[in-house]
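This report describes the fold, the core, the charged pairs and the surface of one protein chain. Please keep the sequence and the coordinates at hand while reading.

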Amino acid sequence: MGCAPAQSIIAPVSDLVALLDRLSRLATPPLLAALTASALLIVLVRNWRIALPALIVQYVLVGIMLARAIDPGVALIKPLAGSLVCMALSIAAQHADTRRAGRGESIAIERIRRIAWRSVPAQVLLRAVAAAVVLTAAFGAAVRFPLPGDARELGLGAYILISCGILLIATTSEALNIGVGLLVFLSGIELAYTPLEPSISVSVLLGFMTLLVGVAIAYLALADSEALAEPEASGGGLLRGRGAGRGAGRGAGRGAGRGVRLSRLLRQPRAARSGPTANTPE
């Protein structure tokens, strides 16, 4: 009876390992094409409701490619850790959108429903040109400087993810998008390093590092949404403080002018203040 819960947990995991093993035998070009498409979607679309599902797909593809070089049971750590990270990021992004909606700012779902078609082509075109240049450099580096190991497709995938991650980090300002770029970069590092050290300890360490980075990104995304609200409140207080200071300064200036005129009047002689009288010659 005590082994029944353990068997109910082990059975789905073994099925996932078997599925990952079968998927790892797929042809290399479709896997690399899907990996490149997921990276491009994340770079071009800066909306977490689209980028995070693409990131989950990318983690699954990375796990399939890792299963070519290491044991599928060990490679399963990457998709599981990546799915947990994406869940945490989606919860943090939803809370951040709730705070933005309370301040009257646009949120992710509104940017999808109400797309500004006039500005989208220019933004997407600029990002597409930068991504094309970066991917060309990645393909050239994979040919000119191949990574050590027998699986050359892992080296090409590592160059693609590393270059797209760096591009996303360099061209965005939001904490969540920077974090997604960092996660893509770490996936490329894992594709490059895991074939060199195909041990379970290294895979567990890299998976644990992915979880830590994901938690840190979720915290920074929430802190970024709070930091955007503070300048507005402090700016309003500053304007009110300036208005009060100007009013106080004007009142003080008027009072000081009246005091100066009164003191000058008191210092004058009585004859000068009262004017000519009958006893004084005109």
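The sections below go from the whole chain to its core, then to one helix, the salt bridges and a surface patch.

## Overall fold

The model discussed here is predicted. Its protein chain holds eleven helices and zero strands, and read along the sequence it follows the pattern α-α-α-α-α-α-α-α-α-α-α. Of the 282 residues in the chain, 33% count as buried.

Among contacts in the chain with a separation of 6 or more, 75% are accounted for by residues 24 or more positions apart. The accessible surface of the chain comes to about 16,700 Å², and carbon and sulfur atoms hold 67% of that area.

## The nonpolar core

The largest nonpolar core has 51 residues, and those with the most contacts inside it are L55, L89, L183 and L191. Two or more residues are given to this core by each of helix 2 (28–44), helix 3 (48–66), helix 4 (72–75), helix 5, helix 7 (120–144), helix 8, helix 9 (175–193) and helix 10. Helix 3 supplies the largest share, which amounts to ten residues.

Two of these core residues can be followed through their contacts, leaving aside in each case the neighbours up to four places away in sequence. L183 touches L55, Y59, V85, L89, T210, V213 and I217, while L89 is in contact with L52, L176, L183, G214, I217 and A218. L89, which is found in helix 5, has a relative accessibility of 0% and therefore counts as buried. The C-alpha atoms of L89 and L222 are separated by 9.8 Å, although these two residues are 133 residues apart along the chain.

## Helix 5

Helix 5 covers residues 77–102, and its length can be checked against its geometry. At 1.5 Å a residue, its 26 residues should span 38 Å, and because its end C-alpha atoms are 38 Å apart, the two values agree. After helix 5 comes G104, whose phi is positive, near 85°.

The buried residues of helix 5 are K78, P79, A81, G82, V85, C86, L89, A92, A93, A96, D97 and R100. A point about helices helps in reading this list: an α-helix has 3.6 residues a turn, so residues three or four places apart point the same way. Within the list, V85 and L89 are both touched by L183, whereas K78 takes part in a salt bridge with E190.

## Salt bridges

A search of the whole structure finds three salt bridges. In one of them, the side chains of D21 and R25 meet with an N to O distance of 3.3 Å. D21 counts as partly exposed because its relative accessibility is 27%, and R25, with a relative accessible area of 64%, is exposed.

The side chains of R68 and E153 also meet in a salt bridge, at 3.6 Å from N to O. This pair links distant parts of the chain, since R68 lies in the loop between helix 3 and helix 4 and E153 in helix 8, 85 residues apart. R68 is partly exposed, with a relative accessible area of 28%, but E153 has a relative accessibility of 17% and so counts as buried. Helix 8 comprises residues 152–170, and not counting residues up to four places away in sequence, E153 touches T28, L32, M65 and R68.

K78 and E190 form a further salt bridge, in which the closest N and O atoms are 2.7 Å apart. K78 lies in helix 5 and E190 in helix 9, so this pair ties together parts that are 112 residues apart in sequence. Both K78 and E190 are buried.

## A nonpolar surface patch

On the surface, L84, M87, F208, L211 and L212 make a nonpolar patch of about 490 Å². At least two residues of this patch come from helix 5 (77–102), and at least two from helix 10 (200–267). Helix 10 gives the largest share, three residues.

L84 is found in helix 5. Helix 5 and helix 10 thus appear in two settings, as contributors to the nonpolar patch and among the elements that give two or more residues to the largest nonpolar core.

Key
Residues are numbered from 1 along each chain as its sequence is written. This is a predicted model: local features need pLDDT of at least 70, side-chain atom pairs count only at pLDDT 80 or more; totals for chains, interfaces and linings use all residues. Side-chain values use heavy atoms; hydrogens and water are left out. Patches are made of residues with over 30% relative accessible area and no salt bridge: like charges are joined within 9 Å, nonpolar side chains (Val, Leu, Ile, Met, Phe, Trp, Tyr) within 5 Å. Accessible areas come from the Shrake-Rupley method with a 1.4 Å probe; for residues, only the protein chains shown count as cover. A salt bridge is a side-chain nitrogen of Lys or Arg within 4 Å of a carboxyl oxygen of Asp or Glu. Helices (H or I, at least four residues) and strands (E, at least two) are DSSP runs, numbered from the N terminus. Buried means under 20% relative accessible area, exposed over 50%, partly exposed in between (1.4 Å probe, protein chains only). Contact means heavy atoms within 4.5 Å. A nonpolar core is a set of buried Ala, Val, Leu, Ile, Met, Phe, Trp, Tyr and Cys residues joined through side-chain atoms within 4.5 Å. The expected span of a helix is 1.5 Å times one less than its number of residues.
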